[in-house]
Every structure is written in structure tokens, then in C-alpha cells.
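The exercises below are meant to be worked through with the sequence and the model side by side. Each task is followed by a solution that proceeds step by step.

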Amino acid sequence: MMTKSLICIGCPLGCMITANLDDGVVTEVSGHSCKNGEKYASKELTCPTRTVTSTVKVFGGDSPMLSVKTKKDIPKEKITACISALKDCECQAPIEIGEIILKNVADTGIDVVATKCIHSIV
């Protein structure tokens, strides 16, 4: 059995959580003040995921860069591949908020979407 400590980000309290793992399975979680703590610890220790935010180049728009994010969390081990794919990504204005900029990033099944509108320049 292995014991891990982490700070919970499931709510604003930031509890110090201790979790026991046995063969990769969370068997006990302590130190959490709310129900989110146990869920967070189990997910973080067995299948950590993150939302990736970045920017991509825009042509013909009122801004040269567009802020983007993954539509859902992606597996932590896919972050580098996601950032590499976004590095070479370019798009043409106009762009609407929520528009898909890159489909199935890093073979995760998750799309990268625009987080703001970019208007075309005339």
C-alpha cells in the first residue's frame, strides 16, 4: 500500500488530502471537508486530466491571436502533444466563440474551441 498527499482543488477550501492506494486503486481518502475531495483524489491519483488553454495565430482578423481551450479535460499525458498540435495551428477570421479550431486534438476525442470572437478586417 502507498500513501499520497495532495491539496484538493475540488472547491475553494483547498483541503490537505491523504489517500491510500493499493495496486493503483484508491482504498481510503481522508482530510476532505466536502464530497468533492474524495472524487478529486480518486480521479487525480488514478486518471489525472487537465483543461489546456493556449493561443493560435489568426489571419485577416482584428486580433493576430485567438485564445483557445480544450472543450473538456484531456489526459495529463496528452498535454505535450496537444500543445505541439496547437503550435502549428492557424485560422482565418472571422471566428465565433465556441467554434471548433482543432478536432480530436492528440487523438483524445476532444476538440479545441475558440474562447473569443475575432472579426474580419476590411
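A surface patch, in the sense used here, is made of residues with over 30% relative accessible area and no salt bridge, like charges being joined within 9 Å. The model is a predicted one, and every value below is computed from it.

**Exercise 1. Identify the residues that form a positive surface patch, and place Lys72 within the chain.**

Step 1. The positive patch on the surface is formed by Lys69, Lys71, Lys72 and Lys103.

Step 2. Lys72 is found in the loop that runs between strand 6, residues 65–70, and strand 7, residues 74–75.

Step 3. With a relative accessible area of 56%, Lys72 is exposed, because the cut-off for that class is over 50%.

**Exercise 2. Determine how many salt bridges the structure holds, and describe the residues that form them.**

Step 1. The structure holds 2 salt bridges.

Step 2. In one of them the side chains of Asp73 and Lys43 meet, with an N to O distance of 3.4 Å. Asp73 lies in the loop between strand 6 and strand 7, whereas Lys43 belongs to helix 1 (residues 35–46), so the pair ties together parts that are 30 residues apart in sequence.

Step 3. Both partners of this bridge can then be classed by accessibility: Asp73 is partly exposed at 33%, and Lys43 is partly exposed with a relative accessible area of 40%.

Step 4. Glu44 forms a salt bridge with Arg50, and here the closest N and O atoms are 2.8 Å apart. Glu44 is buried, with a relative accessible area of 18%, while Arg50, at 28%, is partly exposed.

**Exercise 3. Establish how many disulfides the structure holds, and explain why Cys34 and Cys89 are not bonded to their closest cysteines.**

Step 1. The number of disulfides in the structure is 0. The cut-off needed for the reasoning is that a disulfide is a pair of cysteine sulfur atoms within 2.5 Å.

Step 2. For Cys34, the closest cysteine sulfur is that of Cys11, at 3.8 Å, which is too far for a bond. Cys34 itself counts as partly exposed, at 24% relative accessibility.

Step 3. For Cys89, the closest cysteine sulfur belongs to Cys91 and is 5.9 Å away, again too far for a bond. Cys89 counts as buried, its relative accessibility being 10%.

Step 4. A further cysteine to locate is Cys15, which lies in the loop between strand 1 (2–7) and strand 2 (16–22); Cys15 is buried, with a relative accessible area of 13%.

**Exercise 4. Examine the backbone at Pro94, Asn104 and Asp107, and state what sets each of these sites apart.**

Step 1. The background to the exercise is that most residues other than glycine have a negative phi, and most peptide bonds are trans.

Step 2. Ala93 and Pro94 are joined by a cis peptide bond, with an omega of about 5°. Pro94 lies in the loop between strand 8 (90–92) and strand 9 (100–102).

Step 3. Asn104 has a phi near 45°, a positive value in a residue other than glycine. Asn104 lies in the loop between strand 9 and strand 10 (112–114), where, at 35% relative accessibility, Asn104 counts as partly exposed.

Step 4. Asp107 is likewise found in the loop between strand 9 and strand 10, and its phi, near 55°, is positive in a residue other than glycine. With a relative accessibility of 66%, Asp107 counts as exposed.

**Exercise 5. Relate separation along the chain to separation in space for the pairs Tyr40 and Ile7, Cys15 and Asp73, and Ser120 and Thr108.**

Step 1. Tyr40 lies in helix 1 and counts as buried at 17% relative accessibility. The C-alpha atoms of Tyr40 and Ile7 are separated by 9.7 Å, and the two residues are 33 residues apart along the chain.

Step 2. Cys15 and Asp73 are 58 residues apart along the chain, and their C-alpha atoms are separated by 22 Å.

Step 3. Ser120 is placed in the segment after strand 10 and counts as partly exposed, at 38% relative accessibility. Between Ser120 and Thr108, which are 12 residues apart along the chain, the C-alpha separation is 31 Å.

Note on methods: Residues are numbered from 1 along each chain as its sequence is written. This is a predicted model: local features need pLDDT of at least 70, side-chain atom pairs count only at pLDDT 80 or more; totals for chains, interfaces and linings use all residues. Side-chain values use heavy atoms; hydrogens and water are left out. Patches are made of residues with over 30% relative accessible area and no salt bridge: like charges are joined within 9 Å, nonpolar side chains (Val, Leu, Ile, Met, Phe, Trp, Tyr) within 5 Å. Accessible areas come from the Shrake-Rupley method with a 1.4 Å probe; for residues, only the protein chains shown count as cover. A salt bridge is a side-chain nitrogen of Lys or Arg within 4 Å of a carboxyl oxygen of Asp or Glu. Lys and Arg count as positive and Asp and Glu as negative; His and the chain ends are not counted. The place of a charge is taken as NZ of Lys, CZ of Arg, CG of Asp or CD of Glu. Helices (H or I, at least four residues) and strands (E, at least two) are DSSP runs, numbered from the N terminus. Buried means under 20% relative accessible area, exposed over 50%, partly exposed in between (1.4 Å probe, protein chains only).
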